[in-house]
Amino acid sequence: MKRTLFALCLFAGLSCFGQEVPNTLSPAAKVYGLSKFWQEVNYNFVYLDKIDRHAWDSTYLALIPQVEQTKNDYDYYRLLQRFCALLKDGHTDVYAPGTVGKLLYGKMFGNYWFGLEDIGGKAIVTRILKSEASELPIGTEVIAVNGMATRQYAKENVEPYIASSTDYVRERSAIQNLLFGLIGANYDVQFKKPDGKVFSLHLTHVRTTDTAFYPAFPNYPLLELKWYPGKIAYLALNSFGDDKIDSMFVAKLPELYEARGLIIDLRNNGGGSTGTGTAILRYLMKDSIMQHSRYFTREHLPAFKAWGASVKPKDTIGSAWNAKSWKAYHDQYYYAFDYAPDTIHLQAKRLVVPTAILIGNNTASAAEDFLISAANQPHMIRIGERSFGSTGQPYIFDLGGGFSARVCTKKDTYPDGSAFVGVGVKPDIEVAPTVKDFIDQKDPVLAKALDYLKTMVGK
């Protein structure tokens, strides 16, 4: 009965649990937003050649009457999300206005609050309220949602809405957002405790007022420096979105010069500006030349596209004109940016010591560019899990009614042309936390780095 009542409230756009589900856009405005996104993708998306164009266009056509008939802005947003996810790109997204966002919950269920992580393919509770410690301990597994096995539920109900360049990030995000939904949404969830005991809870998205979390949320300052025995410096660079981190790093250099080994933690760095990161990296390299990604963007040449409509693949043999026309017609003509490694002009002393760079699935965008520039440094090694696998230059635009979107316009590769977008930057030493690590509150990636550097410093 409660589930039925919620559905009626949702689709009527009425007040549910004291919150109004807005319906501010007209059917025509919703079609415009859908069409605007479709248009900008067709014109600007750098990976357009990787998608099934027939499926993309036919989905757009099928969505026109569906967006017209949506009863509220949330339903419209969800259709846009699903459409966007077809592109499978981590720098291409749609965004809802705050009027919708404030109604969306992921972890709050009134007296219950818990965060989930994908550990070994399982949905594991890794953060809770202290008051839940005995009933829902760290390490508890979600084994079923609404009568479906967890992975099946995630694949059918969560993954289709996630825009990601890599399968592993999509699957992990689906677990982290397993119970994402509107306020008032109901879930029947089956759990298994670390001791094997199975129990069930009927959960409803209601705001949680308790803020006594376990473990407590860590503070991630822009830059953090601390020391470990053996003069091993730990340097967390948590964002390249604020260029203030460069001056903060320079201020720490006199102290850092004492280091015999260095850990650079990029696991919580979601990116920002490439130049901000490489401004730091130049102090940590012995070389005077710094490599960087190669860049490509689509080049739209309407006349060549028109000529290419009648060009067959055999016609391109020995004809640069026909080859160009064929590529333009098939949206495969690219502008390659001039490439030359950067020359480092640095008067300051360098810090060149055995260095471990900690990476993970949240190491993204400009932080991945940092990894590409550091990839040929023999004194540096990567430890952890694969990076996010997406970077580029997004074009941001308005869809109307407070909705917006971004589309990736730039393709990045390793200097030799090999891909890391859609693949991720791989660690040299792979280490992933286990359920026991979360229960014991241990950091195996950091521990591995410390062991490695102690060995290197000893040599």
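A disulfide, for what follows, is a pair of cysteine sulfur atoms within 2.5 Å. Hi everyone, and keep that cut-off in mind, because this is a predicted model and the cysteines are where I'd like to start.

How many disulfides does the count come to by this rule? The count comes to 0. Take Cys84: the closest cysteine sulfur is in Cys408, and at 11 Å that is too far for a bond. Seen from the other end, Cys408 is in no disulfide either, and the nearest cysteine sulfur, 11 Å away, is that of Cys84. Are these two buried or exposed? Cys84 counts as buried, at 2% relative accessibility, and Cys408 is buried too, with a relative accessible area of 0%.

Those cysteines lead us to a sheet. Cys84 falls in helix H4, residues 73-85, and Cys408 falls in strand S24, residues 403-408. In which order do the strands of this sheet come? The order is S3-S24-S23, three strands in an open sheet with antiparallel pairing. At the edges stand strand S3 (93-95) and strand S23 (394-400); each has a single partner strand, so one side of each is left without a neighbour in the sheet. On average, neighbouring strands here are turned by 20° against each other, direction ignored. Strands S23 and S24 run antiparallel and are joined by 6 bridges. If you'd like a pair to click on, Ile396 stands opposite Arg406 in S24.

Now look at what lies across this sheet. Helix H2, residues 27-44, lies across S3, S23 and S24, and runs at about 160° to S23. Helix H4 also lies across S3, S23 and S24, running at about 170° to S3. Just along the chain from there, Lys88 lies in the loop between H4 and S3. Phi of Lys88 is near 50°, a positive value in a residue other than glycine. Lys88 counts as exposed, at 52% relative accessibility.

On to a second sheet. Strands S19, S18 and S25 form an open sheet in the order S19-S18-S25, and the pairing is again antiparallel. Which strands stand at its edges? They are strand S19 (334-336) and strand S25 (411-413), and since each has a single partner strand, one side of each is left without a neighbour in the sheet. The twist averages 25° from one strand to the next. Strand S18, residues 294-298, pairs with S25 over 3 bridges in the antiparallel sense. One residue to look at there is Phe296, whose bridge partner in S25 is Lys411.

Leading into S19 we meet another positive phi. Asp331 lies in the loop between helix H11 (320-329) and S19, and its phi is near 55°, a positive value in a residue other than glycine. Lys88, as I said, counts as exposed, whereas Asp331 is buried, with a relative accessible area of 8%.

Let me turn to helix H6, residues 150-157. Which of its residues are buried? They are Thr150, Tyr153 and Ala154. These residues cover an arc of only 100° around the axis, which puts them on the same side of H6. The cover over the buried residues of H6 includes strands S7 (122-129), S8 (141-145), S9 (148-149) and S11 (186-192), together with helix H7 (167-176).

Thr150 deserves a closer look. At 7% relative accessibility, Thr150 counts as buried. A polar atom of the Thr150 side chain lies 3.2 Å from the backbone oxygen of Ile143. Leaving aside neighbours within four places in sequence, Thr150 is in contact with Ala123, Val142, Ile143, Ala144, Ile175 and Leu178.

Two prolines to finish. The peptide bond from Tyr214 to Pro215 is cis, with omega near -10°. Pro215 lies in the loop between strand S13 (213-214) and strand S14 (223-228).

The other proline is Pro444, in helix H14, residues 444-458. Pro444 counts as buried, at 18% relative accessibility. Apart from neighbours within four places in sequence, Pro444 is in contact with Val431, Ala432, Pro433 and Asp437. For a sense of distance within the helix, Pro444 and Lys454 are 10 residues apart in sequence and 15 Å apart in space, C-alpha to C-alpha.

That's my tour, so thanks for listening, and do rotate the model as we discuss.

Notes: Residues numbered from 1 in each chain as written. Predicted model: local features only at pLDDT ≥ 70, side-chain atom pairs only at ≥ 80, totals over all residues. Heavy atoms only, no water. Buried < 20%, exposed > 50% of the residue type's maximum accessible area, 1.4 Å probe, protein only. Helix = DSSP H or I, 4+ residues; strand = E, 2+ residues; numbered from the N terminus. Arc of directions from axis to C-beta. Contact = heavy atoms within 4.5 Å. Pairing = 2+ DSSP bridges. Axes fitted to C-alpha atoms, helices over the stretch in contact; angles between N-to-C directions. Polar contact = N/O pair within 3.5 Å; in protein donor to acceptor, adjacent residues only side chain to side chain.
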